[in-house]
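User: I would like to learn how to read the features of a structure such as this one, beginning with its internal space and then turning to the packing of its helices. Could you take me through them in order?

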Amino acid sequence: MSDPLFWHRLQFGFTITYHYIFPQLTMGLALLIVVMKLVALRGGKAAWNDAARFWIRIFGLSFTMGVVTGIPMEFQLGTNWGSFAQRTGGVIGQTLAMEGIFAFFLESSFLAVLLWGERRLGPRLHFAAALALLAGSWLSGYFIIATNAFMQHPVGHALDGDGTFRLASLARFVFNPWAVAQYLHNQIAAVVTGAFVMAAVGAYWTIRRSHGEVARASLRTGVVAGLLASILVAFPTGHAQGRMLAAHQPVTLAAMEGRFESGPRAPLAIIGQPNVHARKLDNPIQLPAVLSWIAYGDFSANVRGLAEFPEGDWPTNIELLYYSYHIMIGLGTLFIAVMGLATVFLWGGRLWSARVVLWILILAFPFPFIANTAGWLTAEFGRQPWLVYGLMRTAEGGSPTVHAGTTLFTTLGFAGLYFVLGVLFLALVAKEIGHGPARRA
C-alpha cells in the first residue's frame, strides 16, 4: 500500500471511470438528437423537435460534467505519470492537442448554438448545428481513442536512444488500425447507453401518461436505436476487436478467456472461474470452437494459451480482466434480449400499454454504463503490465517524486468532490425529467 505506483494507478482508474460515465452518454445522445431533428425537419412533426430540444438539455448537463471531470486527468499525466508524459509526449501530445483545439471547441460552441439559438436560426440551420455537435462529439472521441490505441498497439513512431518516443508518421499514428476498430466498437456502445437512457425516460413518461407524443418519440427512438446498436456492438465491431486482440495481444485474449493451454477448436467460455494457481478454468461452461472462429475466422484454428508466454508478460490481474470481460459480454447479450422484446411490442403497437416491458426499460438504463465501464476495464487490465504495449512497462511511467501519501490525499479529495458533483447532476437531470420537454421561459 506504500507503493506510489499502486495509488497512481488507482487514482487514474477512478477518475477516468467516473469521467467516462458522461462522454458515453453525450456521444450516444448526439447521434439520436440528429435523428430526431431529421425526422422533425422532413416530416414537420413538432413533437420530435420538442423531444430533441429536451435531450439537448440533458446533453448539456452531461457535457458539463464530462468537462469538469476530464480536466484532472490531463494534469495527472504531468504529475503522477511524469516519466510516461516525458517519453511519449511528442507522440500522444498530437491527438490530445487536436482533441482540445478542434473537437472540444467545435462541440462546446455548437452546443451553445443548439441551446439558445433555435429561434434565431430556424429549423434547417438548427439541424446543421446538431450535425456540428455530433461531429465535434465523435471527433473528440476519436482523438482520445487514437491516443489509447498508441498505448495498445504503438505504430507511427520512432524510438530514440534514450527511450523517448518520437513521431515518425502522423498518418500511421492517427489512423492506427487498432484505433479504427476500437473507435467503432466504442461509439456503437455509446449509442447503446444513449438509447437505453432515452427509452427509460420515454417509458417513465408513458407510464405516468405525461408528455404524450414526446414520450412516444423518445421511447420509439430509444428502442429501435437500442436494438440496432446492441447487435452492432457485438457483431461486427466486437468481433473486429477480438480479431485485433488475437493478432496483436494474444496473451491478453488468452487471459480474457481463462485459457491456459494452447490448442485447436478453442472453446468460448460462457461461465467459469479462472484458477491462476492451478492454471485452469474451474466449473467451465463453454461453446466448442467458437473462440477459434472469433479470433481467426476458422473453427479449427489454434488459439494460444497463457502457458506459451513468459509469466512476466501475463496481464497482472487475470481474474479482474476475465470477470470484466464476461460482465461486458453478458450484459451485451442481455441488451439484445431486452431491446428485442421491446421491439416486438413496439412493432405490434402494444408497447405503450405493456407496463411490464416499460418497467424493464426503466430499470435497465444503468446497465449500459456498467457494461461500458467493464469494457474499458477489460482494455486497460488487458494491456498490463505495459503502458506502451511491448515497449514501456507501467512501472517505468510513474513520477518518482510524487509519494503514495500525496496521491492518496488527492484521491480522497477527488472522491469527495465527485460525490457532490454526482448528487448535483442527478438532481438536475431529475428536475429536467420532471419538467419535461416544454420550453424554458
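**Cavity and helix packing**

Analyst: In this predicted model, α1 supplies three residues to the lining of the largest cavity, which is the largest share. The elements that each give two or more residues to that lining are α1 (4-43) and α14 (367-383).

User: Which residues line the largest cavity, and what is its volume?

Analyst: The lining consists of I16, T17, Y20, T373 and W376, and the volume enclosed is about 40 Å³. Sorted by class, the lining residues comprise three nonpolar and two polar, with no charged residue. With a threshold of 30 Å³ or more, the count comes to one cavity.

User: How is the packing of two helices described?

Analyst: Two packed helices are described by the angle between their axes together with the distance between those axes. Here, the axes of helix α7 (residues 177-207) and helix α12 (residues 318-347) come within 12 Å and cross at roughly 40°, which makes α7 oblique to α12.

User: Is the crossing of α7 and α12 left-handed or right-handed, and which residues make the contact?

Analyst: The crossing of α7 and α12 is left-handed. On the α7 side the contact is made by V192, A195, F196 and A199, and on the α12 side by F335, V338 and M339. By class, this contact between α7 and α12 has seven nonpolar residues, with no polar and no charged ones.

Note on methods:
Residues are numbered from 1 along each chain as its sequence is written. This is a predicted model: local features need pLDDT of at least 70, side-chain atom pairs count only at pLDDT 80 or more; totals for chains, interfaces and linings use all residues. Side-chain values use heavy atoms; hydrogens and water are left out. Axes are lines fitted to C-alpha atoms, for helices over the stretch in contact, and angles run from 0 to 180 degrees between N-to-C directions. Helices (H or I, at least four residues) and strands (E, at least two) are DSSP runs, numbered from the N terminus. Angles under 35 degrees count as roughly parallel, over 145 as roughly antiparallel, 65 to 115 as roughly perpendicular and the rest as oblique. A crossing is left-handed if the near helix is turned anticlockwise from the far one by less than a right angle, and right-handed if clockwise. Contact means heavy atoms within 4.5 Å. Ala, Val, Leu, Ile, Met, Phe, Trp, Tyr, Cys and Pro count as nonpolar, Asp, Glu, Lys and Arg as charged, and the others, Gly among them, as polar. On a 1 Å grid over the protein atoms alone, a cavity is a set of points where a 1.4 Å probe fits but cannot get out, and a pocket is an open set with protein on both sides within 12 Å along at least five of seven lines; lining residues have an atom within 4 Å of a point. Grid points are joined across faces, edges and corners, and a volume is the space filled by probe spheres set on the points.
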